[in-house]
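Q: Please take a close look at a single part of the structure shown here, and then set that part in its wider surroundings.

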Amino acid sequence: MSRYFLFVAGLFFLGCQVVFCNENSLNRDKDSKLQYAFFQDHIFHSLDVPTIDEAYVLTGRHCLLRCVKNQRCFSTNIAVSSTQDGTVLCQLLSSDKYNSSSNFAQSQAFHHYSIVSPCESFPCQHGGTCQALYERNDYSCNCTENYFGKIVNHFANALRWSEAKKRCEEMDGSLVILNSLEEDEFLYTEVLPQVPQSYEAWIGLREIGSSKPRIWKWVDGSIPTFTKWGSNDPSHTRSHCVTAAVEGSNMGWNDRRCSKTFGFVCEKKQNQPQ
């Protein structure tokens with residue numbers, strides 16, 4: 001299985017096979033000088049959904065470039081065999097195998113190419129459907145009836161606490177709020193990277209004012225009903241923001257100066273009950 005990077009720059013259409021992917025798998029911003037997409041190949045598979053465009057093109061790469069240029073395209077079927085004049089059938093599709101999984105199947109006639117998706121790890125639980133937000137490298141879950149919850153994502157790029165808060169809000173979320181031991185354990189075991197060295201990431205808790213005893217609030221204004229401070233924390237009177245910290249087998253919250261830079265964890269609520 002390979003990945004392909006296709007981009008449109010000015011009047012030139014270029015492409016190359018790659019083994020990496022940048023932060024976003026798709027950029028179709030008309031004001032950008034570079035429009036691009038990363039594609040994942042699925043050899044001898046096809047997605048059986050209505051096509052938004054169909055044409056015979058010189059190569060499969062030309063088909064992928066047509067998809068990059070079409071705002072509605074998120075995957076393609078490309079014929080395995082060429083016609084007598086050397087062209088191949090190109091089908092542009094407005095869906096992908098994550099949103100139309102029941103229509104994705106093996107095929108002797110086509111190879112399927114889909115834009116690299118943040119839904120690849122199938123993050124939505126309890127039968128929820130993953131909706132890829134390609135140009136933000138994000139996703140949302142359409143939860144099934146009687147289920148709701150929140151998506152929690154870790155971002156490794158180091159920012160100050162205020163910058164991390166703003167970045168989460170730009171993605172229609174917030175820095176993560178931990179209201180129970182179960183949520184805290186999920187953060188450490190499933191979200192934060194499992195690395196041998198010490199690691200810290202901003203969460204949505206910070207000190208308000210300078211009173212004693214110290215008052216801490218979550219980014220939504222609520223007072224913590226659950227805390228998991230590390231040993232001897234909170235301990236720094238000039239440290240007003242909080243990280244989830246890992247040091248060996250020790251896990252707990254640490255108060256830090258808000259100007260320090262760490263990775264961060266965002267959350268986005270899904271299908272809240274009425």
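Why are E169 and K165 in helix α2 separated by about one helical turn?

A: E169 and K165 are separated by about one helical turn because they lie four residues apart in helix α2. The model is a predicted one, in which local features require pLDDT of at least 70 and side-chain atom pairs count only at pLDDT 80 or more, while totals for chains, interfaces and linings use all residues. Residues are numbered from 1 along each chain as its sequence is written, and side-chain values use heavy atoms, with hydrogens and water left out.

The side chains of E169 and K165 form a salt bridge with an N to O distance of 2.8 Å; the term denotes a side-chain nitrogen of Lys or Arg within 4 Å of a carboxyl oxygen of Asp or Glu. E169 is partly exposed at a relative accessible area of 42%, and K165 is likewise partly exposed at 25%. Here buried means under 20% relative accessible area, exposed over 50%, and partly exposed in between (1.4 Å probe, protein chains only). Helix α2 spans residues 161-170, and the loop between it and β14 holds D172. Helices (H or I, at least four residues) and strands (E, at least two) are DSSP runs, numbered from the N terminus. D172 has a positive phi of about 60° although it is not a glycine, and at 57% relative accessibility it counts as exposed.

Beyond that loop comes strand β14 (residues 174-175), which contains L175. L175 is buried, with a relative accessibility of 0%. Apart from its neighbours within four places in sequence, L175 contacts residues including W161, A164, K165 and C168, as well as W202, I203 and F264; contact means heavy atoms within 4.5 Å. K165 thus takes part both in the salt bridge with E169 and in a contact with L175. L175 also lies 6.0 Å from E267, C-alpha to C-alpha, although 92 residues separate the two in sequence. Further along, I177 sits in the loop between β14 and α3 (181-191) and is buried at a relative accessible area of 4%. The C-alpha atoms of I177 and C266 are 8.7 Å apart, across 89 residues of sequence.

The salt bridge in α2 can be set beside others in the model. The count of salt bridges comes to eight. D53 and R66 meet in one of them, at 2.4 Å from N to O. This pair links distant parts of the chain, with D53 in strand β6 and R66 in helix α1, 13 residues apart. D53 is partly exposed at 26% relative accessibility, as is R66 at 31%. Another joins the side chains of E200 and R256 at 2.5 Å, N to O. Here too distant parts of the chain are linked: E200 belongs to strand β15 (residues 199-207) and R256 to strand β18 (residues 250-256), 56 residues apart. E200 is buried at 14% relative accessibility, whereas R256 is partly exposed at 24%. In addition, E207, R214 and D255 are joined into one network by salt bridges that share partners.

The nonpolar interior completes the setting. The largest nonpolar core has 22 residues, of which A37, F39, C63, I78, L92, I115 and C119 touch the most other members. Two or more residues of this core come from each of β4 (34-42), α1 (60-69), β8, β10 (110-115) and β11 (129-133). Its largest share, four residues, is given by α1. A second, separate core of 20 residues includes L187, Y199, I203 and W218. A nonpolar core is a set of buried Ala, Val, Leu, Ile, Met, Phe, Trp, Tyr and Cys residues joined through side-chain atoms within 4.5 Å. I203 of the second core is among the contacts of L175.

Overall, the protein has three helices and 19 strands. Buried residues make up 44% of its 274 residues. Of the contacts with a separation of 6 or more, 65% are between residues 24 or more positions apart.
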